[in-house]
Structures are given as structure tokens and as C-alpha cells.
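Me: I would like to go through the strand pairing in this model with you, step by step. Please give the reasoning before each answer.

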Amino acid sequence: MVGSICFGPTLLGTREYDAENWSQAEYLRELIRINQPFLGKEEIDAAVEVLRSGILTDKSGMGPRVLEFERSFAKFVGAKHAVAVVNGTAALHASLLAADVGPGDEVILPSFTFVGAANAVVLTGATPVFADIDKDTYCIRIESVEECVSRKTKAIIPTDLYGLPSDISGIMNLARGKDIVTIEDAAQAHGAQFDGKKIGSIADMTCFSFYAGKNITTGEGGMVTTNDDGYAQALRMVRSHGEQRPYWTVRPGHNYHMTEIAAAIGYAQLKKLPSFLEKRRKNAELTTEKLNMTGKLLLPKEPDGRKHSWYLYTVRLRGVNAAKRNKIVDKLWNKNIEAGVYYSSPVHSTPLYRDSNIARRGRLPETEKASRQVFSLPVHPRLGETEIEYVAETLRKTIA
Ligand SMILES: Cc1ncc(COP(=O)(O)O)c(C=O)c1O
């Protein structure tokens, strides 16, 4: 069985949660999760405080906790505005609507990513156009994007896959002269950097997810950051049924408000993000050190000028087919390691996109190849040296 993320009752459920005292040995007896929320007293107190206050939401989505979270998130990434929404898919959909993407338009994006961006494009009535990826970074490849550009191209959505930034400046250069909007999908890349700048401060709009498995979480949640006043204003309207003021709708929209409880948890998580990122990096570096000598595995790269957020540590088995890769992943599961395959079915190969004319695509050889050969290992901040060594050693033995 190929791994999927599932957040069971381990946290705040059947067991008393105490991150400080959770012994490493306990992990080894249990499944080592691919990613896991890292919550503590701060998040619990913040959520309880909101419940006590009685203010659970605000009809325009701008309650005090949401505003506080938005301000601190904008400051963290170095953007002028941050607009909180209900999840990462809503962030993408709201950004497309804010950019007036609609029927007759095309949006270029990778197929080798989570389906959220493609579905968001479809929901606007526009056509997704799938571009291929770079074989080393797994992010969208500029040359393939160029091949996909047409008169109808209205936006490009690069995904910062596994937490590694795309070549965002290359994409923005390509888009600038052609009046194309760049909407970066940074759902997996909180805290990542490109040329010394935080992701979230570069593209026209950048979308983040706070799903339970992400680098920071609000359970479900999302954020769009932008330096453009017009987009910020449009995003605030879109998340509130296109209302310019209460009961005065001027553009299509949705109810995409983040709740006050989610924002309070997000604010507490954001304060911890730098330490989470440091731990992820340390775990990734240790994994690289332990796996370096295997030869059969291609390890993740961090090209010059790009700083990974290490959402996932993704390796590649050279020259194998999907069945062989899946066998290795199954063996890891049998050893209590939740290795995951992101993504065994690229979006263009899923039934909706494969069997209809809903999308267009260029040639996708690297997408197809990566979908057969990659799998990801856990490096999340709740793992210590013992678990990381166990994962690396088990993988080494499995492929030996
Ligand atoms: C790359 C990518 N884009 C978009 C999303 C959608 O985010 P959400 O699950 O918060 O809607 C996710 C999250 O799973 C993701 O990994």
C-alpha cells in the first residue's frame, strides 16, 4: 500500500499530548508519520481564549484574531498584505478570481502537484494547461511553460514542490512582458526563500495552506500574500461574497472566511515556524548524510539561491518502474515508516482530466517519469536524531 497522510487520534485524542516529554522510543513503536502537527499549550490556550471571548468569526472575515494573524504573516514573509482564507485551495481560487481569470482564459501550471490548483482553475471556468517539470527540482520548467503560453494565457501557477521554491524570478520575467499574472502555490513552502527573499513577497500573489500536515497548521486554513493594493482589496471582497460593503456585492465571490479559532492557532504556530524550519533543515541534512553513500538514490537538491522549507524529503530511485518503487515504500511501511508518494497520479492522468477536454497539456515526460520513481521521507520537527537515523538506515537496508 502506498502511503497517504492521515491524522488519527494520536494528537489530543486518546493520549495526553505533551511534546516535551514524548520519548523518542515511543515513536519507534508507532508509525513514524510523514508529517504531523506540532501543537502545544500556546495553541490550546489561544483557542480556549477565543471560545471564552465569544467572537468566533466576523462577517467580513476580519475579526481581531484574523487581523493579528494576517499582520504577523505579512510581516514574516515581507509582503504588504496577507489575506486569510478557509484553506489553501480557497487561497488559489480567490487569487484567480481576484485576477479576473474566467471562461476563455488559460492558466499554466504543473500536473505534478496536488490537484487543488487545477481544480481552482476549473472552478473559474478557465482552462488549466499543464507544463512539465524540471527533473532535478520537480518544479515547473520555464522552457515548458514557454511552450504552453498562448494568446489566452492569463496566469501561471508555479508550485514550490516539497517546500523548494520554483524559479519564481524566471517565471515572473516570462510573465511580465505578456501581461500574465503569477500566482505562486506555496502551500508547502512556508519560510522558503528565493534569492534571499521569503516566498510570499515575490509573486503577484502567493498562496499558502495551513492544512494539518503543513509546516504550520490551523487544522484547515489558507493565506494569500501580495504587495499589490488592488489584489488585496479584491481578495478581501472575494472571500466575502464579492461584497464591497455589507450586502453590496460588486464581484463574484464565496464565503472563504477564516475562523477566529483558526487564526489564533495560526498566530501561535507562526511564532514557532522559525524553530520548526531549523529542525526540518537539521533532519534533512542528517538524512542526506546517512543516505549519501547509497548510490542508487537521487537525493533532493537545493539549487544556489533557493532555500528549502523541507516540507518533504523526496528521493528518487533511478531507472525503476512504479511497481518496484511501491514495493520499497510498502517495505518502509512494514517497518513503521510512513513514506509517501507525491504524486503517483499526476493531475493530467486522473479520470476527470484524462477523460475530458477540461484541460490542455504540453509534453510531460519528466512528470510521468517522476511519478513512477519518487517517494518522500519524513523530516518533520517532531522527529529526533534516533528516528531520522532509523528511517535512513531502514531505507538503506531495504534497497541494498
Ligand atoms: C501544493 C499544494 N497546493 C494546494 C494545496 C491545497 O491546500 P488545502 O488542502 O489547504 O486546500 C495543497 C495541500 O494539500 C498542496 O500541497
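**Strand pairing and burial**

Reply: Let us begin with a pairing in this predicted model: strand 8 (residues 205-209) runs antiparallel to strand 9, and 4 bridges join them.

Me: Which residue stands opposite Phe 208 in strand 9?

Reply: Strands of a sheet pair through backbone hydrogen bonds, in either a parallel or an antiparallel sense. Strands 8 and 9 take the antiparallel sense, and within strand 9 the residue opposite Phe 208 is Met 223.

Me: In strand 9, what is the bridge partner of Val 83?

Reply: Strand 1 (residues 81-85) pairs with strand 9 over 5 bridges, in the antiparallel sense. The bridge partner of Val 83 in strand 9 is Val 224.

Me: Why is strand 9 described as largely enclosed by the rest of the structure?

Reply: In a regular strand the side chains alternate between the two faces of the sheet. On one side of strand 9, Gly 222, Val 224 and Thr 226 are buried, and on the other Met 223 and Thr 225 are buried, so that both faces are covered. Strand 9 (residues 222-226) is therefore largely enclosed, because the residues that are buried number 5 of the 5.

Me: Which strands are the edge strands of the open sheet with the order 7-6-13?

Reply: This open sheet has 3 strands with antiparallel pairing. Strand 6 (residues 193-194) pairs with strand 7 over 2 bridges, and the partner of Gln 193 in strand 7 is Lys 198. The edge strands, each pairing on one side only, are strand 7 (197-198) and strand 13 (306-307).

Technical notes: Residues numbered from 1 in each chain as written. Predicted model: local features only at pLDDT ≥ 70, side-chain atom pairs only at ≥ 80, totals over all residues. Pairing = 2+ DSSP bridges. Helix = DSSP H or I, 4+ residues; strand = E, 2+ residues; numbered from the N terminus. Buried ≥ 20, exposed ≤ 12 C-beta atoms within 10 Å, placed from the backbone.
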